[in-house]
Every structure is written in C-alpha cells, then in structure tokens.
Amino acid sequence: MKLGTVIGRVTLSKSVDLLKGGRFLVVTPLSREQYAKGIDAKPGMGTDPSLVVYDDIGGGVNDIIGYEEGAEAAQPFDVRPPIDAINCALVDEMFYNPWKG
Amino acid sequence: MLLARVEGNIVATRKHPSLDAWRLVICQPIGKGGESEGTPVIAIDSHGAGMHQQVVISSDGIAARKAIGVDKSPVRWLVVGIVDEHEPGKRI
C-alpha cells in the first residue's frame, strides 16, 4: 500500500462494462516530506505523478488514503476488472517518526 | 524484496475488510548504508517489527494473501523478516 492525498474525482460517461458505476479518485502520492508533516497538514502535491484510483470505500477530496497498485488491485472482484490501483484504506491516524541517524 | 526501516504505523477504520486486525507499518526502503531510498510503503506485519527496526519487505501479493488467509484481498506488501545483521554493515 502507498499513501496519497485525494485531489479530485473522475466520472466516466462511457466505460468498459466492468467499470460501470465505479467511483474513481485522482490521487497524488505522499512524498517523504509530507509523511513527516503528518496527515493534518495542509494538503499539497507530492513529487511523484498523480494517478487514478478505483474507490469502493468512499474517499473524498483532501482525504489521505492508502491505495494498492498492481495486479492485486483487481483481486477483490469475482471478475477481474481492468484496474491497477484501488483504494483500500481511509487513513484516520498516522504515527510517523523518521530515522535521523 | 526490499530492505526497509520501520518508521511508524497507520490507523484506518474504513478499510478493506481483509485488513481488519492487521498491523499496518510504514516501511521506508533503505540502501546498504541505511540511507532512505524512495517513498515509504505500508506493509502488513505479523512479526511485530519495532520502531526503526530494519526489515525485509516483499511485494508478493500471493504470499501476502496467503498470510492473511483471504483470497480476495488487494494486499501486496508484507514484512517477511526482521533484519539481524547484514553485510557490509554492522549488527543492528
């Protein structure tokens, strides 16, 4: 799982049948510096490219989410849809203590 | 598999049901000298890795699903071991 900030939503008027009714979020991955600032810090853009994440647990804009990338993203479904990123956790709290040594 | 250092954990109420009761640790991938490389990843941990301990994490989704015992889980990263020592380097 990686953490990212939700910066928007996408809706599809025309899509592959398997994706009908799905929710999609635009997510910018959290950079190491943003981890250090914590999840209550002002949302900002990370350094890595943003991505679209399939969402079935209800993430909203400015939420910090944990998303999984790769073939595993399609794993929860009976028929594997063509997705490669899925929202799997809405982060409530984060305890982060970077190593300084 | 990556060498990583545990730098914290996250708490999520709303999550995929397969992750219930699993410890989710923030793992920072590191180089041979212990320097950070890249952005942190969240892994499931069944070994009880402590803060700033060095671990080996694997992105093998099949093994991770086996570990949690749910076939329809999106989980991918898991802590496969806690590092005792590595070379070059010193005992941790």
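Take the contacts in chain B between residues at least 6 apart in sequence: 50% of them join residues at least 24 apart. For chain A, the matching share of contacts between residues at least 6 apart is 62%. Keep in mind that this is a predicted model. The two chains meet, with 31 residues of chain A in contact with 27 residues of chain B.

**Chain B overall**

- Chain B is built from 1 helix and 6 strands, and along the sequence they come in the pattern β-β-β-β-β-α-β.
- Why does the radius of gyration of chain B agree with a compact globule? For 92 residues such a globule would come out near 12 Å, and chain B has 13 Å, so the two agree.
- The C-alpha trace of chain B spans about 40 × 25 × 20 Å along its principal axes.
- As for burial, 39% of the 92 residues of chain B count as buried.

**The helix of chain B**

- Helix α1(B) covers residues 61-68, and its buried residues are Gly61(B), Ala64(B) and Arg65(B).
- Those buried residues line one face of the helix, because they fall within an arc of 100 degrees when you look down the axis of α1(B).
- There's a simple rule behind that sort of pattern: an α-helix has 3.6 residues a turn, so residues three or four places apart point the same way.
- Flip to the other side of α1(B) and you find Ile62(B) and Lys66(B), which are exposed.
- What do the buried residues of α1(B) pack against? Their partners are β4 (41-45) and β6 (78-82) of chain B.
- Just after α1(B) comes Gly69(B), with a positive phi of about 75 degrees.

**The nonpolar core**

- The largest nonpolar core has 41 residues.
- Which residues have the most contacts inside that core? They are Cys27(B), Ile42(B), Ala43(B) and Ile57(B).
- Ala43(B) is worth a click in your viewer: leaving out residues up to four places away in sequence, Ala43(B) touches Val25(B), Cys27(B), Ile57(B), Trp77(B), Leu78(B) and Val79(B).
- Two of the names on that list, Cys27(B) and Ile57(B), also belong to the group with the most contacts inside the core.

**Chain A overall**

- Chain A also has 1 helix and 6 strands, and from the N terminus on its elements run β-β-α-β-β-β-β.
- The C-alpha atoms of chain A fill a box of roughly 50 × 25 × 25 Å along the principal axes.
- Of the 101 residues in chain A, 34% count as buried.

**Where the chains meet**

- On the chain A side, the elements that give two or more residues to the contact with chain B are β1 (2-10), α1 (32-37), β4 (64-69), β5 (85-90) and β6 (93-96).
- By residue type, that side of chain A divides into 18 nonpolar, 6 polar and 7 charged.
- Strand β5(A) is mostly covered, with 5 of its 6 residues buried.
- Within chain A, β5(A) is joined to β4(A) by 5 bridges, and the two run antiparallel; here Glu68(A) stands opposite Ile86(A).
- How many bridges join β5(A) to β2 of chain B? There are 2, to residues 14-15 of chain B, and the strands run antiparallel.
- In that pairing across the chains, Ala89(A) stands opposite Lys15(B).

Notes: Residues numbered from 1 in each chain as written. Chains lettered and ligands numbered in written order. Predicted model: local features only at pLDDT ≥ 70, side-chain atom pairs only at ≥ 80, totals over all residues. Contact = placed C-beta atoms within 7 Å. Helix = DSSP H or I, 4+ residues; strand = E, 2+ residues; numbered from the N terminus. Nonpolar A, V, L, I, M, F, W, Y, C, P; charged D, E, K, R; others polar. Pairing = 2+ DSSP bridges. Core = buried A, V, L, I, M, F, W, Y, C linked by C-beta atoms within 7 Å. Buried ≥ 20, exposed ≤ 12 C-beta atoms within 10 Å, placed from the backbone. Rg over C-alpha atoms; globule rule 2.2 N^0.38 Å. Arc of directions from axis to C-beta.
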